[in-house]
Amino acid sequence: MAKDRTGVAIAWLMPGTTGDRISVVRLDMTGHFTGQVQPIPAASAQPFNVVAPSIAAAPAGDGFTLVWLESSATPYAVYCQLDRNLKPSTPVVLLEMAQPVTAPAIVRSGKTTWISAGGFAWELGDDGSLSAPLNAGMTASDMTVATDFPQIVALGHFTRGFICPCSGYRWTCNCPLVPVTAATLQFTSLYSITASTIFDYETDAAPAVSSNGRDIAIVWFQGAHVKGGQVVMSQLLPPSFAEFPAAVNQSRVLGSFGPESGATRPDIASDGARYIVVWRTAMSDGTHDVVGASIDRTGNIIPLSIATSAADERDPSVVSLGDGNFLVAYEKLSAGERRIAGRLVTFVSRPHAVR
């Protein structure tokens, strides 16, 4: 989801006869559809499947930029622009992927709009002009624009050793050894700093990042993905972000997640007064709940229960509506049906003391 001057728009995948396709629609302040659902045309004329749409508001006012991946024999990163009525422009291919798709294309806006895909970043002007691709140094899982250039986070993997598949020990048998992998949290602020932190566990849960206008917050799953663990957050101050290693070591626990499998990540948004972080957590019966936490300027953490029914609720997205109101959308699987559901989270401002 994203919010422009008119209101909120949501992009999601709808099943089609030849694979999933993107639809967009505006939402009212209660989270319900308003206006006509708009299908998004594809760039490819070949058989393909769309994955991972991402949407950001146009900095000039009304309208959005939408990016996605078209996965076929040759994957492509594609974008188009949506006007105030969500009418799409002709899709433009950004990049032909030379490697298998391991992360989505991401679009975010600040003073200008930035797109990241396949380890590159582009600046998109309000007039539709696109910069030459910049080497981002990593394939983003999420991005924010807290300065004139974007801040990018990514999930990396490295081989930390080898193990014997027969005995479970290292270097003790004649079987072909298999690699033992672990994860890294990668961070870059273009033209400022690039850093990473090595974990002692493997995970498929990618980090998320957002800005409140003063600092940025990075959120990730701390712990082996298949065992469960803690959801943690660190905050960094621009413009240098040089304290990244120390901030990671001083992260704060927001909540927990259950044993998982498959790719996932938390989502984060801010209204300037607080951050809201939401994520899915696995339950003992194989379903998921959507939970979260709010973090105010003083660092107070309040746990949130977003969607905890008997249905399978997963993959939440959160957007600030302003004035202490947030909308959380998520996928809800129940009785063979797949739906988009939503929940409003509202914070009441404290009145100022009368002197």
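**Figure 1. Around Ile218, many parts of the chain come together in this predicted model.** Setting aside neighbours within four places in sequence, Ile218 is in contact with Val153, Leu185, Phe187, Ala208, Val209, Val232, Met233, Ser234, Leu236 and Phe244. Several of these names return when we look at the largest nonpolar core, which has 19 residues. Ile218 belongs to the group with the most contacts inside that core, together with Leu185, Phe187, Trp220, Leu236 and Phe244. At least two core residues come from each of strand E15 (178–189), strand E16 (193–198), strand E18 (216–222), strand E19 (229–236) and helix H1 (244–249). Another core, of 18 residues, lies apart from this one; Ala11, Leu13, Ala57 and Val78 are among its members.

**Figure 2. Strand E15 has a partner in E14 and another in E16.** Let us begin with strand E14 (residues 151–163), which pairs with E15 in the antiparallel sense over 12 bridges. Within this pairing, Gly161 stands opposite Val180 of E15. E15 also pairs with E16, again in the antiparallel sense, over 6 bridges. Here you can find a familiar residue from the core: Leu185 has Thr197 in E16 as its bridge partner.

**Figure 3. Tyr191 sits in the turn of the E15–E16 hairpin.** How many residues lie between E15 and E16 in this hairpin? There are 3 of them, and Tyr191 is found in this loop. Tyr191 has a positive phi of about 65°, although it is not a glycine. Is Tyr191 buried or exposed? Its relative accessible area is 63%, so Tyr191 counts as exposed, the cut-off being over 50%.

**Figure 4. Strands E25, E26 and E27 form an open sheet.** The 3 strands are arranged in the order E25-E26-E27, and their pairing is antiparallel. Why is one side of E25 and of E27 left without a neighbour in the sheet? Strand E25 (312–322) and strand E27 (337–346) stand at the edges and each has a single partner strand, so one side of each has no neighbour there. From one strand to the next, the twist averages 20°. For a closer look at one pairing, follow E25 alongside strand E26 (residues 325–334): the two pair in the antiparallel sense over 8 bridges. One bridge to look for joins Glu313 to its partner Lys332 in E26.

**Figure 5. Ala335 occupies the loop between E26 and E27.** Staying with these strands, we can zoom in on the residue that links the views of sheet and loop. Ala335 is not a glycine, yet its phi is positive, at about 50°. Its relative accessibility is 78%, so Ala335 counts as exposed, again by the cut-off of over 50%.

**Figure 6. Ser23 is a buried residue of strand E3.** You will find Ser23 within E3, which covers residues 19–27. With a relative accessible area of 9%, Ser23 falls under the 20% limit and is therefore buried. Which residues does Ser23 touch, not counting those up to four places away in sequence? They are Ile10, Ala11, Trp12, Met14, Val37, Gln38 and Pro39. Ala11 was named above as a member of the core of 18 residues.

**Figure 7. Ile276 is buried in strand E22.** This strand spans residues 274–282. The relative accessible area of Ile276 is 0%, which places it under the 20% limit, so Ile276 is buried. Leaving out residues up to four places away in sequence, Ile276 touches Asp267, Ile268, Ala269, Ala293, Ser294, Leu304, Val318, Phe326 and Phe347. Val318 is worth a second look: Ile276 and Val318 are 42 residues apart along the chain, and their C-alpha atoms are separated by 7.7 Å.

**Figure 8. Stepping back, the whole chain gives these close-ups their setting.** The chain has 1 helix and 27 strands. Its C-alpha atoms fill a box of roughly 65 × 65 × 50 Å along the principal axes. A compact globule of 355 residues would have a radius of gyration near 20 Å, and the chain agrees with this at 21 Å. Of the 355 residues, 49% count as buried. Among contacts between residues at least 6 apart in sequence, 45% join residues at least 24 apart. On the outside, the chain exposes about 16900 Å², with carbon and sulfur atoms supplying 52% of this area.

How values were computed:
Residues are numbered from 1 along each chain as its sequence is written. This is a predicted model: local features need pLDDT of at least 70, side-chain atom pairs count only at pLDDT 80 or more; totals for chains, interfaces and linings use all residues. Side-chain values use heavy atoms; hydrogens and water are left out. A nonpolar core is a set of buried Ala, Val, Leu, Ile, Met, Phe, Trp, Tyr and Cys residues joined through side-chain atoms within 4.5 Å. Buried means under 20% relative accessible area, exposed over 50%, partly exposed in between (1.4 Å probe, protein chains only). Helices (H or I, at least four residues) and strands (E, at least two) are DSSP runs, numbered from the N terminus. Contact means heavy atoms within 4.5 Å. Two strands pair if DSSP finds at least two bridges between them. Axes are lines fitted to C-alpha atoms, for helices over the stretch in contact, and angles run from 0 to 180 degrees between N-to-C directions. The radius of gyration is taken over C-alpha atoms; the globule rule is 2.2 Å times the number of residues to the power 0.38. Accessible areas come from the Shrake-Rupley method with a 1.4 Å probe; for residues, only the protein chains shown count as cover.
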